[in-house]
Amino acid sequence: MYKWLKKYINPIIPLYGIIPLLSCFALNMLVYSGTMILCADWKHYDLTTSFDKMVPLVPEWMYIYFGCYLFWVVNYILVARIYRDDKAKFYRFVITDMMSRLVCAAFYIGFPTTNIRPDVTGGGFSESMLTFLYSIDQPTNLFPSIHCLVSWLCFAGIRESKKVSTGYKVFSCIFALLVVASTQFTKQHYIADAIAGLLLAEFLFWLNKKISTYTVVQRFFDWLNSKFYFLLKGDACEQ
């Protein structure tokens, strides 16, 4: 198994980055789903503004809203690739991602929010996708917007690297902003949610360039990786 990972996976993403990135995903799911269950019966606040009322519902923005999941996967792997030989920068990104979810959890518990979704009319594919989204995703855990937060981290994580082309950096920035717009036109979030998500991502990214908290996370994952891959190497030897 280890030899297979080394041969086929390591060229795509450094093996040391797999567990940290999977841990980011696991923490994201725990925060989002866990706080939603915990706060289900709590009072939720509506942050609707006059601006939000003016923004129309445009179901076609669902393509961007759903498409961002692929964007996230690609750019998180790209961050691991470009910092293959610079663990400090990679783990600064990882701790930024994790800290952002903990901050989100604090908001979701301390200041639960909700919104009023409009009725979806029309029988087109876009409308069906939007109706499906509404059916599986409750209108809670809105402030800050994780969609906007993660999309901006995808851009922030690569924008200083010389290994990434200017064209892709521009694309990532534009696509992240399109995701922000999609949260508004699908009525999944209000403008306050989007702004909070962007500001949180930018602040924590800046903060973790100044402090060394990442070293604690790096030591933990270095230890975890050493144990995990040692077991895989042992299995390979036995075979």
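About 12300 Å² of accessible surface belongs to this protein chain, and carbon and sulfur atoms make up 69% of that. Keep in mind that you're looking at a predicted model. The chain is mostly a story of helices: there are 10 of them, plus two strands. Here's the rundown by topic.

**Overall fold and shape**

- Going along the sequence, the elements come in the order α-α-β-α-α-α-β-α-α-α-α-α.
- The radius of gyration is 20 Å, close to the 18 Å from the globule rule for 239 residues, so the chain is as compact as a globular protein of that length.
- Along the principal axes, the C-alpha atoms take up a box of roughly 60 × 40 × 40 Å.
- Take the contacts with a separation of 6 or more: 88% of them link residues 24 or more positions apart.
- As for burial, 48% of the 239 residues count as buried.
- On the charge side, there are 22 positive and 16 negative charges, and their mean positions sit 13 Å apart.

**Nonpolar cores**

- As general background, nonpolar side chains tend to be buried together in soluble globular proteins.
- The largest nonpolar core here holds 48 residues, and Tyr 76, Phe 90, Tyr 91, Val 94, Leu 153 and Phe 221 have the most contacts inside it.
- Helices that give two or more residues to this core include α2 (15-38), α4 (62-82), α5 (87-110) and α7 (146-156); α8 (166-185), α9 (191-210) and α10 (214-238) do so as well.
- There's also a second, separate core of six residues, with Met 62, Tyr 65, Met 129 and Leu 130 among them.

**Leu 153 and Thr 96**

- Once neighbours within four places in sequence are set aside, Leu 153 is in contact with Tyr 76, Phe 93, Thr 96, Asp 97, Ser 100, Arg 101, Ala 201 and Phe 205.
- Thr 96, one of those partners, belongs to helix α5.
- With a relative accessibility of just 1%, against a cut-off of under 20%, Thr 96 counts as buried.
- Outside its four-place sequence neighbourhood, Thr 96 contacts Leu 153, Leu 204, Phe 205 and Asn 208; Phe 205 is also on the contact list of Leu 153.

**Tyr 168**

- You'll find Tyr 168 in helix α8, and at 24% relative accessibility it counts as partly exposed.
- Ignoring residues up to four places away, Tyr 168 touches Phe 71, Val 74, Asn 75, Leu 78 and Ile 158.
- Tyr 168 and Phe 155 are 13 residues apart in sequence, with 9.4 Å between their C-alpha atoms.

**Backbone spots to check out**

- The Phe 143 to Pro 144 peptide bond is cis, its omega being near 0 degrees.
- Pro 144 is in the loop between α6 (125-136) and α7, and Asn 141 is in the loop between α6 and α7 too.
- Asn 141 isn't a glycine, yet it has a positive phi of about 55 degrees; its relative accessible area is 5%, so Asn 141 is buried.
- Lys 187 also has a positive phi without being a glycine, near 65 degrees in this case.
- That lysine, Lys 187, lies in the loop between α8 and α9, and with a relative accessible area of 11% Lys 187 is buried.

Notes: Residues numbered from 1 in each chain as written. Predicted model: local features only at pLDDT ≥ 70, side-chain atom pairs only at ≥ 80, totals over all residues. Heavy atoms only, no water. Helix = DSSP H or I, 4+ residues; strand = E, 2+ residues; numbered from the N terminus. Rg over C-alpha atoms; globule rule 2.2 N^0.38 Å. Buried < 20%, exposed > 50% of the residue type's maximum accessible area, 1.4 Å probe, protein only. Contact = heavy atoms within 4.5 Å. Areas by Shrake-Rupley, 256 points an atom, 1.4 Å probe, with all protein chains shown as cover. Lys, Arg positive; Asp, Glu negative; His and termini not counted. Charge placed at Lys NZ, Arg CZ, Asp CG, Glu CD. Core = buried A, V, L, I, M, F, W, Y, C linked by side-chain atoms within 4.5 Å.
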